[in-house]
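Subject: Structure handover

Hello,

Here is the structure we talked about. Please open it alongside this note; my findings follow below.

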Amino acid sequence: MSQVDYSKLSDTALKQYVLKHRADRVALQAYLDRFNQAPRQIIAKYDDPDFDEKVQSAIRQKLQAENGED
């Protein structure tokens with residue numbers, strides 16, 4: 001098997017690679033490292049009165065971005 005440079009793979013490509021090569025622990029570690037380094041956006045705090053609406057809005061925005069919609 002040839003050595004794969006995980007740093008050159010996009011997030012999506014690395015995820016797909018890990019799913020196809022489940023025994024490749026180095027690839028899994030590279031994916032987890034990248035995933036854990038990604039910044040996290042706080043959408044709403046648990047006691048926010050608009051919690052449900054903010055979460056639903058964030059989900060809609062994420063789906064629109066993934067589908068290439070504006």
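Is Leu32 buried, partly exposed or exposed? Leu32 counts as partly exposed, because its relative accessibility is 34% and that class runs between 20% and 50%. Leu32 sits in helix H2. Its C-alpha atom is 23 Å from that of Leu63, a residue 31 positions away along the chain.

One caution before the rest. This is a predicted model. Please read every value below as computed from that model.

Overall layout

The protein has three helices and zero strands. Read from the N terminus, the order of elements is α-α-α. The radius of gyration is 17 Å, whereas a compact globule of 70 residues would come in near 11 Å. Along the principal axes, the C-alpha atoms fill a box of roughly 55 × 30 × 20 Å. Buried residues account for 13% of the 70 residues. Now take the contacts with a sequence separation of 6 or more: 15% of them join residues 24 or more positions apart.

Surface and charge

The accessible surface is about 6300 Å². Carbon and sulfur atoms hold 52% of that surface. On the charge side, there are 11 positive and 12 negative side chains. The centres of these two sets are 8 Å apart.

The core

Which residues make up the largest nonpolar core? There are five: Tyr6, Leu14, Tyr17, Val18 and Ala27. Helix H1, residues 11-20, gives the largest share of this core, with three residues.

Ala27 is the core member to look at in helix H2, which spans residues 25-37. Ala27 is buried, because its relative accessible area is 0% and the cut-off is under 20%. Setting aside residues up to four places away in sequence, Ala27 touches Tyr6, Leu14, Tyr17 and Val18. Those four contacts are also named in the core list above. Ala27 also has a C-alpha distance of 9.0 Å to Lys15, which is 12 residues away in sequence.

Leu14 is another core residue worth a click. Leave out its neighbours within four places in sequence. Leu14 is then in contact with Tyr6, Leu9, Ala27, Ala30, Tyr31 and Arg34. Of these, Tyr6 and Ala27 belong to the core too.

Around the core

Tyr31 is one of the contacts of Leu14. Tyr31 lies in helix H2. Is Tyr31 buried or partly exposed? Tyr31 is partly exposed, because its relative accessible area is 22% and buried means under 20%. Apart from neighbours within four places in sequence, Tyr31 is in contact with Asp11, Leu14, Lys15 and Val18. Its C-alpha atom is 33 Å from that of Asp47, 16 residues away in sequence.

Lys15, one of the contacts of Tyr31, is found in helix H1. Lys15 is partly exposed, with a relative accessible area of 42%. From Lys15 to Tyr46 the C-alpha distance is 30 Å, and the two are 31 residues apart along the chain.

To recap for your viewer session: start with the five-residue core, then turn to Tyr31 and its contacts in the chain. Finish with Leu32, which is partly exposed at 34%.

Best wishes

Methods: Residues numbered from 1 in each chain as written. Predicted model: local features only at pLDDT ≥ 70, side-chain atom pairs only at ≥ 80, totals over all residues. Heavy atoms only, no water. Core = buried A, V, L, I, M, F, W, Y, C linked by side-chain atoms within 4.5 Å. Buried < 20%, exposed > 50% of the residue type's maximum accessible area, 1.4 Å probe, protein only. Helix = DSSP H or I, 4+ residues; strand = E, 2+ residues; numbered from the N terminus. Contact = heavy atoms within 4.5 Å. Rg over C-alpha atoms; globule rule 2.2 N^0.38 Å. Areas by Shrake-Rupley, 256 points an atom, 1.4 Å probe, with all protein chains shown as cover. Lys, Arg positive; Asp, Glu negative; His and termini not counted. Charge placed at Lys NZ, Arg CZ, Asp CG, Glu CD.
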